[in-house]
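Here is a short tour to read with the model open beside you. It starts with strands and works outward to a few single residues.

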Amino acid sequence: MRLEKTDRQTGRVTSDLGDRARPLGPDERTGVLAPGNLQRYGARWFDPAAAVTSVVDRYWFVEWNLDAGERIEQRIIDTPSVTLTLETGDGPGPLVVTGVQERAWTRIIAGSGSAFGIRLRPAGLAALSSLSPTDIADSTVPLTPALSPGLHALLAEVSEAPTPAERAAAADAAITQRLAAAPLTPDLLLANAIVEELTLRVRSPAGQDLAEQFGVSERTVQRVLKATLGKGPKWISRRVRLQEVARVLATEPDADLAALAADLGYTDQAHLTGDFRAVTGITPGAYRRSLQALAPR
């Protein structure tokens, strides 16, 4: 992985990721279904500046250099979010947008390449473009001026920065400027707050009714989520739970599925198994065995 550089004056080898970066660990709720690959990709998070956290959840960076003929089919259960990426290598294009995915999807990794990503919060797509979430649902497509002039201009501006850390800083500056010109509406802020609450209560799904908690109607909850993510609260809650299932199975090989099902609010283990299989195409047991097969011996 080319994640270091040599200072020409001092001769010291330093990271080009900057102080804001930290490794993306396999015990985090990323939705990557073979989290051991994250280390191979040199995966890193970058925290966004405080001024843009209403729009940006995380920046991230990965880089790979696989042997000739090697191919990784990376399966992902995405966070309920839209992601913008700057890419090199064999991919959809240099500027890419990925919409909210109904089911787990696969990214083929081969050869050499890299990706710098901007994972948006629910408000992000509406704040930065005129796209609807349904325009890019279940797809990963090249980001062109025709698709979205605003998003294309933003990513093109960020792409001029040479390193991942500088790209994070460039994105902060560009998004801050855009938010100053067009602040978030109350509906967008509400969508952010609802999804944050659903994420926080993944281990206690029987919390206070969302509409009552936020002092709005059920219809308003549905409306703001559909407008920003194209999905309702039940779907979003389900997706967060499935990400937690995947995280536990990857990091706790001996986890009891019946206990996990009860902890996450499923009716029983069969309910958890059916939900997981419907989205990933395999049962939790089969997924756990696939991870064991990938483990170093």
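## A walk through the predicted model

In β10, W60 has G117 as its bridge partner. Keep in mind that this model is predicted. The bridge between W60 and G117 belongs to the pairing of strand β5 (residues 56–65) with strand β10 (residues 112–120), which is antiparallel and counts 9 bridges. Another bridge partner to look up in β10 is L120, which goes with V56.

W60 also serves as the bridge partner, in β5, of W45. Strands β4 and β5 run antiparallel and are joined by 3 bridges. How much of β5 is buried? The count is 7 of its 10 residues, so the strand is largely enclosed by the rest of the structure.

**The sheet and its helices**

Now zoom out. These strands are part of an open sheet of 7 strands with antiparallel pairing, in the order β3-β4-β5-β10-β7-β8-β11. The edges are taken by β3 (21–23) and β11 (140–142); each has a single partner strand, so one side of each is left without a neighbour in the sheet. On average, and ignoring direction, neighbouring strands of this sheet are turned by 25 degrees against each other.

Two helices lie across strands of the sheet. Helix α3 (residues 149–159) crosses β7 (83–88), β8 (95–98) and β10, and runs at about 45 degrees to β7. Helix α4 (residues 164–181) lies across β4 (44–46), β5, β7 and β10, at about 150 degrees to β5.

**A second strand pair**

Strands β6 and β9 (residues 105–110) form an antiparallel pair with 6 bridges. Within this pair, R75 stands opposite T106 of β9. Which side chains of β6 (residues 71–76) are buried? I72, Q74 and I76 point to one face and are buried, whereas R71, E73 and R75 point to the other and are not. Such a pattern fits a simple rule: in a regular strand, side chains alternate between the two faces of the sheet.

**Rings and cores**

There are 3 aromatic pairs in the structure. One of them is the stacked pair of Y59 and F116, with 5.9 Å from centre to centre and 20 degrees between the planes. Y59 sits in strand β5 and F116 in strand β10, so this pair ties together parts that are 57 residues apart in sequence. Y59 counts as buried because its relative accessibility is 0%, and F116 counts as buried at 1%. Ring pairs also bring in F46, giving a cluster of F46, Y59 and F116.

Charged side chains meet rings too. R58 lies over the face of W45, 4.6 Å from the ring centre. In another spot, the charged end of K231 sits over the ring of W235, at 4.9 Å from its centre.

Y59 turns up again in the largest nonpolar core, which has 47 residues; V55, Y59, I118 and I175 are the ones that touch the most other members. Apart from this core lies another, of 21 residues, including L33, L242, A255 and L260.

**Three residues to click on**

Each of the residues in this table counts as partly exposed, the class that runs between 20% and 50% relative accessible area.

| Residue | Place | Relative accessibility |
|---|---|---|
| T88 | strand β7 | 42% |
| D138 | loop between α2 (124–128) and β11 | 46% |
| S159 | helix α3 | 29% |

Which residues does T88 contact, leaving aside its neighbours within four places in sequence? They are W64, G113 and S114. For a sense of distance, T88 and E218 are 43 Å apart in space, C-alpha to C-alpha, and 130 residues apart in sequence.

D138 catches the eye for its backbone: its phi is positive, at about 55 degrees, although D138 is not a glycine.

S159 is in contact with L86 and R167, again leaving aside neighbours within four places in sequence. Its C-alpha atom and that of V96 are separated by 12 Å, with their positions 63 residues apart along the chain.

Key:
Residues numbered from 1 in each chain as written. Predicted model: local features only at pLDDT ≥ 70, side-chain atom pairs only at ≥ 80, totals over all residues. Heavy atoms only, no water. Pairing = 2+ DSSP bridges. Helix = DSSP H or I, 4+ residues; strand = E, 2+ residues; numbered from the N terminus. Axes fitted to C-alpha atoms, helices over the stretch in contact; angles between N-to-C directions. Contact = heavy atoms within 4.5 Å. Buried < 20%, exposed > 50% of the residue type's maximum accessible area, 1.4 Å probe, protein only. Phe/Tyr/Trp six-rings, centres within 6.5 Å; stacked < 30°, edge-to-face > 60°. Lys NZ or Arg CZ within 6 Å of the ring centre and 35° of its normal. Core = buried A, V, L, I, M, F, W, Y, C linked by side-chain atoms within 4.5 Å.
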